[in-house]
Structures are given as C-alpha cells and as structure tokens.
Amino acid sequence: MDDRKKIVVIGGGIAGLTAGIYALLAGFEAEIHEKNSVPGGECIGWNRKGYHIDNCIHWLTGTRKDTELYDLWKTVGALSDETQYARIDAFYKTIVDGKVATLWNDLERTERELIEISPEDEEEIRKFIRYVGYSKQCLFPAKKPMEMWGIKDYISMGKSMMDFPKVLKEFGKISLSEYAGRFKSPILKKLMCDYLPKEYAAYAFFVSYATMADENGKIPIGGSLQMSLRMEKKFKELGGKIFYGSSVSKITLEKGKATGITLEDGKFVGADYIIPTLDSHLLFNKLLPENYMPKSYSKAYSDPKNYPTISGFQIAFAVSEKYDRGETVFVDIDPVKVGSRTFTRMYVKAYGYDPLFVKNGKQVIQTCISQTDEDYEAWKSMEKNEYDEYKEKLMQAIKERIEKNFPELSGDLEVLDCWTPLTYERYCNAYHGSYMSFTATPYVKALRMKGKIRGIDNLYPAGQWTGSPGGLPVAASSGKFAVQRILKSLKRNIDL
C-alpha cells in the first residue's frame, strides 16, 4: 500500500508542472488538475490554417548553462544540453523616419552604432551600455527560497552582483519614459520605450537587454507548447498523474487545514498538501474566502494606477519567407484605437528562425499591441457581436499599417488568428487578461507572496502571481520553492 503523502497541484502551467515534477523527485505522490486540454497555461501555441502560432516565449531566461535557472529548466525537462536555439543576433530594431537603431546582442556594436546615429547622446549611450553590462550580473536565484538562505548565500550573491546595485540605485526608481527623456535623439527616446511598457521601472529594461546580450535569454527551437509538452512528459515519466478538463471550484478547509479540492463536477479530491498555481485574484475570490488574501495584494487590486496589469491585442499572419527586416521591428503607424487607448507605435515579430513556423515558403509573423486594465474594461463592456466586429475591424486596420510600413508585404499578408485580453481571461482565468503579474513600476514596492497562506497549514501557493512582474522564471522557481517549503515543514532535506 502506498503511504506517500499526496500533493495536489491546481493548474498545469509552468508553475504547476514544475511543482509536480519536484514533488515526485522529493518522493511525494503528485497529481495535477488542469482546466484545459493541454499543458502549459499561457506557455502554449496552437495551429491555424496549417501554421503554428506561439503565445509565449520571446526569450527564455536561464539558457546559460552555469546558472541556477538553467539547472531548474534541465531538471524539469524543459531544456537539455542538446537543446537547439534560434539564431538571433539582436534584441530588437526601432525605425523612425527611415532611420534604424538596433540593440544588438553585441554591446560594443550597439554602442558604436548608436553613437553614429546620435553623437550628441554619446555620454548617455556609453553609460547605457556600461549599465547593461552591470545588469548581466543579475541572475535569477532558483536554488531555494530566500527565506532559507544562509549567510554564505548572501555573501555569494554579493560577490557575483557587485556592480548591479549601481543599476538599482540609478534606475530602480524611475520609469522607462523618464529614462528616455535623458536622450536628445527622437529615435533613441523611442528605442528605450518600445519593448516594455513605458510605466515599467527602467532597470527592468536593462536586465532584459542584458539577458539577451549575455546569451542567457535564447529561444528554444520548437516554441512554447513543445517546451510545456517536454515538461508534461517528464512529469508522467516520474509517475505523476495529470487530469485535463478538470476545473476546480473550491479548496475545502477544515480547522485551518486544506483537506482537498472540489471539482466543478462536484467530485472531491483529498490531499495532504495543495499547491495552487493560478492567478491570485481567482485563488482568493473563488477557491478560497477573500479574507485569506494578503493585505499587500488587496491593496494592489484596489490600486490599478500604481499596480497595473498588462495584456495585449495580438494578430498572427502568414507572409513570404522573403521578409527579412529582422526578428522584431518597431515602427510608427497611423493612429489606431485598440481598447480604450490610441496607439502610434507597433512591432512586427518574424518567426522564420524556427522551421516550426515556416510552411510552403511562408513564415508566421505576429504583432502585439499592449493593453492595460482600462483597455480590458473596454473589451469587457462589448456585446458578443460588437466584440467580433471590433476584432475584424482592428485586424484590417493593423494589416493596412503593416503593409504601409513594409510595402514588400502588400498583398502577401494572410490573417491566421487574433486574440485579446478576453481570450486570456477565458482560457487561463487571467485577471484582466494579464499574461504576467502586476507591472514592475518604480513607484511602489514589488509584490512578493509569502510561501504559505496565513491561517492554512498545508497550502503553499506558486505561480507567476506570487512575485512581480511574473513571467516564466517566477512561475518555474515558485513551483520548486513550494515543494521545498513542504519539505522544510517536514524537517526533510530541501536540496533537490
């Protein structure tokens, strides 16, 4: 008879799969309940008209083999030493009035070319490159939760990140839009604000670019869904059970303990420990009574100005493989209203670097127009027919704007699919359709959820909403950390 303690994981995304795998490695029985029919949560892709569309990975932090995050990805089967990566030599390009500015992975090349574009900004450009170099030291800690760190861990981190505090001191309390104001050149101003929302803390942009420049943010060949499927395979090989179409209606509590979960069909599933890996809003407004929500999160949800969430209106096209402007290019466009706001910039991302996205001489390209809480409300207010008509209108408007900026694509764009904040809400129960957690603004303290819900002995939350700004590294590490916290509660070795 199997007397192992049982861990039930809610959600089969990256956090849930990671938690399940580490639970099995630690000797627990583990099962995952996922509302959809495939694993991955938001780390997925799908097929339309014979083409594959990717939803998630623009770059995967943790592809450098000497990092703790790489060790995690390798353990859960997401990556291996044989993994192949896309050949990409630049973060992105910005085009303004025919001029092109590029953030190459080669920082020296970037510095040289930006100075050629704007000699009057030379001092600020050199400082920018220097601080991106410092930001390479910001490596995601994925060995164990910080509350389990000892003095040696802090000393080691201090030695490895000697220069990064300079980045936080200089750019931790200003937004990207404020930082862009330091440049005189119009194209450099836009270059600094194109990739991340302008409300983000500037240091987040430095770290993102540094990750690419340090070869620690590569793109695995095969896309997001294939990575999730590799993790599902690892989970099953270790003996885990995953139930699809298994939506959870509530977590059952008795005397300060979670005894199990109740599914939407009424079935009860008992558990010794529960790891919920879904949005915190859903967790505390459906599965658990709202009074269990940490005060910091209650404050964030009631203050969208200082704690905004980010989603997107996205479209995928099939175009000629001859398109070679670069993988990600930002351009000016005629004003277009999407959600509640009007936009004059957009990007085109080409996926021809991966055979998965190429078919019959054509490749997939995609664009995403950032959406906020206010935009979500605009989408949400629409009736079904109005929503469908609005999407069709926007698809045509975006198509026209792409053709205007890239005349070689005129008559060559085939619309494959489009999706909105409401798509993320429907598919992933995502709060306001957000595909990450709360935005990392410089005006407020970044959110971190403690490892255990106060008042519940055996419930350990994981997922990207346990820490700002979310994303795959937060999701994966939180799944591992949840298992380590359970091990510590049992006074067992946490090293996995």
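## Overall picture

Of the 496 residues in this protein, 59% count as buried. The model is a predicted one, so it is worth keeping that in mind while we walk through it together. The protein holds 16 helices and 17 strands. Its radius of gyration is 23 Å, close to the 23 Å that the globule rule gives for 496 residues, so the protein is as compact as a globular protein of that length. Along the principal axes, the C-alpha trace spans about 70 × 55 × 45 Å.

## Strand β5 and its partners

Let us start with strand β5, residues 90–96. Seven of its seven residues are buried, so β5 is largely enclosed by the rest of the structure. Which way do β5 and β6 run? They are antiparallel, with six bridges joining β5 to β6, residues 99–104. Within this pairing, Ile95 stands opposite Val100. The two strands make a hairpin with two residues between them, and in the turn Asp97 has a positive phi of about 50 degrees.

β5 also pairs with β13, residues 328–338; here the strands run parallel and two bridges join them. Lys93 has Val329 of β13 as its bridge partner.

## Helices α9 and α10

Helix α9 covers residues 202–213, twelve in number, and reaches 17 Å from its first C-alpha to its last, close to the 16 Å expected at 1.5 Å a residue. This helix is mostly covered, with eleven of its twelve residues buried. Among them are the aromatic residues Phe205, Phe206 and Tyr209, along with Val207 and Met212.

Helix α10, residues 223–237, has 15 residues and a reach of 22 Å between its first and last C-alpha, close to the 21 Å expected at 1.5 Å a residue. Its buried residues include Gly223, Leu225, Met227, Met231 and Phe235, and also Ser224, Ser228 and Glu232. After α10 comes Gly239, with a positive phi near 105 degrees.

## Backbone details in the loops

The loop between α9 and α10 contains Glu215. Just after α9, this residue takes a positive phi of about 60 degrees, and it is a residue other than glycine. Is Glu215 buried or exposed? Its relative accessibility is 52%, so Glu215 counts as exposed.

Lys255 offers another case: its phi is positive, about 50 degrees, although it is not a glycine. Lys255 sits in the loop between β8 (248–254) and β9 (257–263). With a relative accessibility of 89%, Lys255 counts as exposed.

One cis peptide bond to look at leads from Ser468 to Pro469, with omega near 0 degrees. Pro469 belongs to the loop between α15 and α16, the latter being residues 472–489.

## The second largest pocket

Turning to the open spaces, the second largest pocket has a volume of about 440 Å³. It is lined by 25 residues, and those closest to its centre are Trp419, Thr423, Tyr424, Arg426 and Tyr427. Which element supplies the largest share of this lining? That is α15, with six residues.

Several elements contribute at least two residues each to the lining of this pocket: β3 (45–48), α13 (373–380), α14 (384–405), β17 (414–419) and α15 (421–428). By class, the lining residues of the second largest pocket divide into 13 nonpolar, four polar and eight charged.

## Enclosed cavities

How many cavities of 30 Å³ or more does the structure hold? There are three. The largest cavity has a volume of about 60 Å³. Its lining includes His58, Trp59, Ile88, Ala90 and Phe91, together with Tyr195, Met212, Ile219, Glu327, Thr328 and Lys349. Two of the elements described above meet this cavity: Ala90 and Met212 both line it, Ala90 lying in β5, residues 90–96, and Met212 being a buried residue of α9. The lining of the largest cavity has seven nonpolar, two polar and two charged residues.

The second largest cavity has a volume of about 40 Å³. Its lining is made up of Pro276, Leu278, Asp279, Ser280, Leu283, Met449, Pro461, Ala462, Trp465 and Thr466. Here the residues divide into seven nonpolar, two polar and one charged.

Methods. Residues are numbered from 1 along each chain as its sequence is written. This is a predicted model: local features need pLDDT of at least 70, side-chain atom pairs count only at pLDDT 80 or more; totals for chains, interfaces and linings use all residues. Side-chain values use heavy atoms; hydrogens and water are left out. On a 1 Å grid over the protein atoms alone, a cavity is a set of points where a 1.4 Å probe fits but cannot get out, and a pocket is an open set with protein on both sides within 12 Å along at least five of seven lines; lining residues have an atom within 4 Å of a point. Grid points are joined across faces, edges and corners, and a volume is the space filled by probe spheres set on the points. Helices (H or I, at least four residues) and strands (E, at least two) are DSSP runs, numbered from the N terminus. Ala, Val, Leu, Ile, Met, Phe, Trp, Tyr, Cys and Pro count as nonpolar, Asp, Glu, Lys and Arg as charged, and the others, Gly among them, as polar. The expected span of a helix is 1.5 Å times one less than its number of residues. Buried means under 20% relative accessible area, exposed over 50%, partly exposed in between (1.4 Å probe, protein chains only). Two strands pair if DSSP finds at least two bridges between them. The radius of gyration is taken over C-alpha atoms; the globule rule is 2.2 Å times the number of residues to the power 0.38.
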